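Colleague: Before I take any label from this structure to the bench, I would like to hear how each one was reached. Could you go through the reasoning with me?

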Amino acid sequence: MSHEASLWVGGTENPQAKMRLFCFPAAGGGTLAFRGWAQQLPSDIEVRPIRLPGREMRIGEACFDDAYQAADALADGLSDYLDKPFAFFGHSMGSLLAFELTRSLRRRGGPMPQILMVSGRRAPSLPLSRSLYHTLPDTQFVDVLRTHYAGGTSETVLQEAQLMALFMPVIRADFAITDVYSYASEAPLDCPIHAFGGEDEPEFGVAELDAWRNETSGYFNRTLFAGDHFYLNEASRAALLSYIAEVLQAQLRAQ
């Protein structure tokens with residue numbers, strides 16, 4: 001089945017692929033966060049980065065600032081792409097969106113991801129242990145991006161007033177998704193969950209990553225990689241992609 005171009009989905013169609021991997025970016029991120037992934041993963045995996053409103057070709061659209069609204073919109077937006085086995089990978093805010101999208105699909109009785117991979121975020125049931133970032137004045141907000149999320153937004157962009165004027169509302173809205181999120185208790189998911197984090201993550205500890213275990217009745221695994229919050233942008237990217245390839249191909253073999 002051929003798919004019409006979607007505003008929600010980047011990447012390229014690969015008719016030979018046996019599985020789709022949808023990738024959900026961190027706050028302020030877009031499809032470019034996952035550039036190069038398709039070339040570094042096996043050819044039977046079709047990489048589909050998610051494009052949220054407010055960025056790239058959707059720059060004029062209003063951003064989401066609520067995880068539940070975003071998840072329901074994603075469930076609609078991706079419906080045409082769930083016609084073959086698929087998995088989700090989310091980083092930071094993207095982990096929360098991937099998780100709530102999975103629960104939204106379950107409520108609808110729709111197809112479910114075969115594997116949920118979450119990265120760089122404490123389990124959703126745990127409250128934030130920091131102040132709310134999305135309401136900070138601009139200068140303090142930029143300081144947070146520079147110090148806590150180094151590698152997420154380039155220093156060039158942070159220092160360029162006109163670019164920041166463009167990006168700031170998007171990044172604020174994305175942070176609001178995490179800041180105002182209120183966990184609703186539901187039955188654990190059936191699909192396996194793989195949780196990833198950087199060994200030097202500044203915002204939470206291993207126990208808070210391990211708590212994702214409570215969100216599945218199936219297999220759970222937690223893996224740490226060298227690096228901080230954006231470990232996957234650095235030297236650990238190859239190791240992460242190698243792990244993802246192994247997990248997805250094992251799933252394909254088991255079908």
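Modeller: What follows is a set of questions about labels, each answered by setting a value against its cut-off, and the model is a predicted one.

Colleague: Let us begin with Arg-103 of helix H3. Why is Arg-103 called buried?

Modeller: The relative accessibility of Arg-103 is 0%, and buried means under 20%, so Arg-103 counts as buried. Arg-103 sits in H3, which covers residues 93-108.

Colleague: What makes the pairing of the side chains of Arg-103 and Glu-100 a polar contact?

Modeller: The two side chains are 3.2 Å apart, and the cut-off for a pair of N or O atoms is 3.5 Å, so the pair qualifies as a polar contact. Beyond its neighbours within four places in sequence, Arg-103 also touches Tyr-68, Tyr-181, Tyr-183, Ala-184, Ser-185, Glu-186, Leu-189 and Glu-215.

Colleague: Turning to helix packing, why is H2 called oblique to H3?

Modeller: Helix H2, residues 67-77, packs against H3 at an angle of about 60°, with the axes 8 Å apart. Angles under 35 degrees count as roughly parallel and those from 65 to 115 as roughly perpendicular, and because about 60° belongs to neither range, H2 is oblique to H3. The crossing of H2 and H3 is right-handed. Among the residues that make this contact are Tyr-68 and Ala-71 of H2, together with Glu-100 and Arg-103 of H3. By class, the residues of the contact of H2 with H3 comprise 10 nonpolar, one polar and six charged.

Colleague: And what makes H3 oblique to H6?

Modeller: The axes of H3 and helix H6, residues 161-179, come within 9 Å and cross at roughly 60°. That angle falls outside the range of 65 to 115 degrees for roughly perpendicular and is not under 35 degrees, as roughly parallel would require, so H3 is oblique to H6. The crossing of H3 and H6 is left-handed. Met-93, Leu-96 and Leu-97 of H3 meet Asp-174, Ile-177 and Thr-178 of H6, and these residues divide into four nonpolar, one polar and one charged.

Colleague: In the loops, why are Leu-132 and Arg-213 called partly exposed?

Modeller: Partly exposed lies between the limit for buried, under 20%, and the limit for exposed, over 50%. Leu-132 has a relative accessible area of 39% and is therefore partly exposed, while Arg-213, at 46%, also counts as partly exposed. Leu-132 belongs to the loop between strand S4 and helix H4, and its C-alpha is 9.0 Å from that of Thr-178, although the two are 46 residues apart in sequence. Arg-213 belongs to the loop between helix H7 and strand S6, where its C-alpha is separated by 8.8 Å from that of His-194, 19 residues away along the chain.

Colleague: What is the phi value of Ser-92, and is Ser-92 buried or exposed?

Modeller: Phi of Ser-92 is near 55°, a positive value in a residue other than glycine. Ser-92 has a relative accessible area of 13%, and buried means under 20%, so Ser-92 is buried. This residue is in the loop between strand S3 and H3.

Colleague: How do you know that Glu-56 is partly exposed?

Modeller: The relative accessible area of Glu-56 is 31%, which lies between 20% and 50%, so Glu-56 is partly exposed. Glu-56 is in the loop between strand S2 and H2, and its phi is likewise positive, near 55°.

Methods: Residues are numbered from 1 along each chain as its sequence is written. This is a predicted model: local features need pLDDT of at least 70, side-chain atom pairs count only at pLDDT 80 or more; totals for chains, interfaces and linings use all residues. Side-chain values use heavy atoms; hydrogens and water are left out. Helices (H or I, at least four residues) and strands (E, at least two) are DSSP runs, numbered from the N terminus. Buried means under 20% relative accessible area, exposed over 50%, partly exposed in between (1.4 Å probe, protein chains only). A polar contact is a pair of N or O atoms within 3.5 Å; within protein, one must be able to donate a hydrogen and the other to accept it, and residues adjacent in sequence count only if both atoms are side-chain atoms. Contact means heavy atoms within 4.5 Å. Axes are lines fitted to C-alpha atoms, for helices over the stretch in contact, and angles run from 0 to 180 degrees between N-to-C directions. Angles under 35 degrees count as roughly parallel, over 145 as roughly antiparallel, 65 to 115 as roughly perpendicular and the rest as oblique. A crossing is left-handed if the near helix is turned anticlockwise from the far one by less than a right angle, and right-handed if clockwise. Ala, Val, Leu, Ile, Met, Phe, Trp, Tyr, Cys and Pro count as nonpolar, Asp, Glu, Lys and Arg as charged, and the others, Gly among them, as polar.
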